[in-house]
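User: Please take a close look at the sheet in this model, strand by strand, and then at what lies on the surface beside it.

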Amino acid sequence: MMEEINLKVNQKGVEFYDKWLKETKSGIFLYAPVFLLFYLGIGLAIYGLNLKFILISILPVFLILISFVSPYYSRKKYFNQMAKSISINDDVVLIETCEWFGTSSVVKSFPINEIIISNSESISFFKELKVYSLKINPEDTVPIYIIDEFFDNTIVLLSRLKYHRSSS
């Protein structure tokens with residue numbers, strides 16, 4: 001029987017998450033309303049409230065909303081698939097991902113010998129971070145991302161996962 005492994009995101013991972021959360025919140029709850037109010041205030045001062053102003057405002061209002069709200073959706077898939085804690089007990093792996101605004105974290109549990117782990121270098125969102133992708137089977141389209149720098153002891157974790165893959 002091998003020892004139990006419990007890893008949680010370190011300070012660097014928490015800071016990375018908090019930075020993107022703060023930036024996304026400020027875009028949605030601060031910048032978008034300010035730009036909308038500014039645009040609508042200037043427009044109402046120039047044109048008054050009439051059909052012409054309403055019609056010419058549809059596209060700019062839509063573009064303002066899209067530019068500040070779309071990062072929420074694009075970042076959601078990365079954070080909701082990024083591991084926050086990983087536990088290995090005997091032959092069972094338990095992974096919890098990060099939550100993102102109203103989307104709760106995902107908790108997955110599966111046998112250790114069913115995991116496929118690979119390097120993921122093509123994810124531009126994580127830039128120069130070393131990312132591992134965990135999948136249950138090759139056709140799995142929703143991997144779980146483990147960022148090497150966000151855990152203090154990924155070497156032990158990876159060696160344990162590889163040990164079980166080679167011994168099965």
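Analyst: The sheet comes before the surface patch in what follows.

This is a predicted model, in which local features need pLDDT of at least 70, side-chain atom pairs count only at pLDDT 80 or more, and totals for chains, interfaces and linings use all residues. Residues are numbered from 1 along each chain as its sequence is written, and side-chain values use heavy atoms, with hydrogens and water left out.

Four strands make up an open sheet with antiparallel pairing, in the order S1-S2-S3-S4. Its edges are strand S1 (5-8) and strand S4 (107-111), each of which pairs on one side only. On average, neighbouring strands of this sheet are turned by 10° against each other, direction ignored. Strands (E, at least two residues) and helices (H or I, at least four) are DSSP runs, numbered from the N terminus; two strands pair if DSSP finds at least two bridges between them. Angles run from 0 to 180 degrees between N-to-C directions, and the axes are lines fitted to C-alpha atoms, for helices over the stretch in contact.

S1 pairs with strand S2 (residues 83-89) over four bridges, in the antiparallel sense. Ile5 has Ile88 of S2 as its bridge partner, and Leu7 has Ile86 of S2. Ile5 and Leu7 form the covered face of S1, while Asn6 and Lys8 form the uncovered one. In a regular strand the side chains alternate between the two faces of the sheet.

Ala83 also belongs to strand S2. Ala83 counts as buried because its relative accessibility is 2% (buried means under 20% relative accessible area, exposed over 50%, partly exposed in between, with a 1.4 Å probe and protein chains only). Leaving aside residues up to four places away in sequence, Ala83 touches Val9, Ile95, Glu96, Thr97, Ile144, Tyr145, Ile146 and Phe151, where contact means heavy atoms within 4.5 Å. From C-alpha to C-alpha, Ala83 and Tyr17 are 11 Å apart in space and 66 residues apart in sequence.

On the surface, a nonpolar patch consists of Leu40, Leu44, Leu49, Leu51, Ile54, Leu55 and Ile58, with about 690 Å² of accessible area together. Patches take residues with over 30% relative accessible area and no salt bridge, joining nonpolar side chains (Val, Leu, Ile, Met, Phe, Trp, Tyr) within 5 Å and like charges within 9 Å. A salt bridge is a side-chain nitrogen of Lys or Arg within 4 Å of a carboxyl oxygen of Asp or Glu. Accessible areas come from the Shrake-Rupley method with a 1.4 Å probe; for residues, only the protein chains shown count as cover. Helix H1 (11-47) and helix H2 (51-79) each supply at least two residues of the patch, and H2 gives the largest share, four residues. Leu44 sits in H1 and is partly exposed, at 38% relative accessible area.
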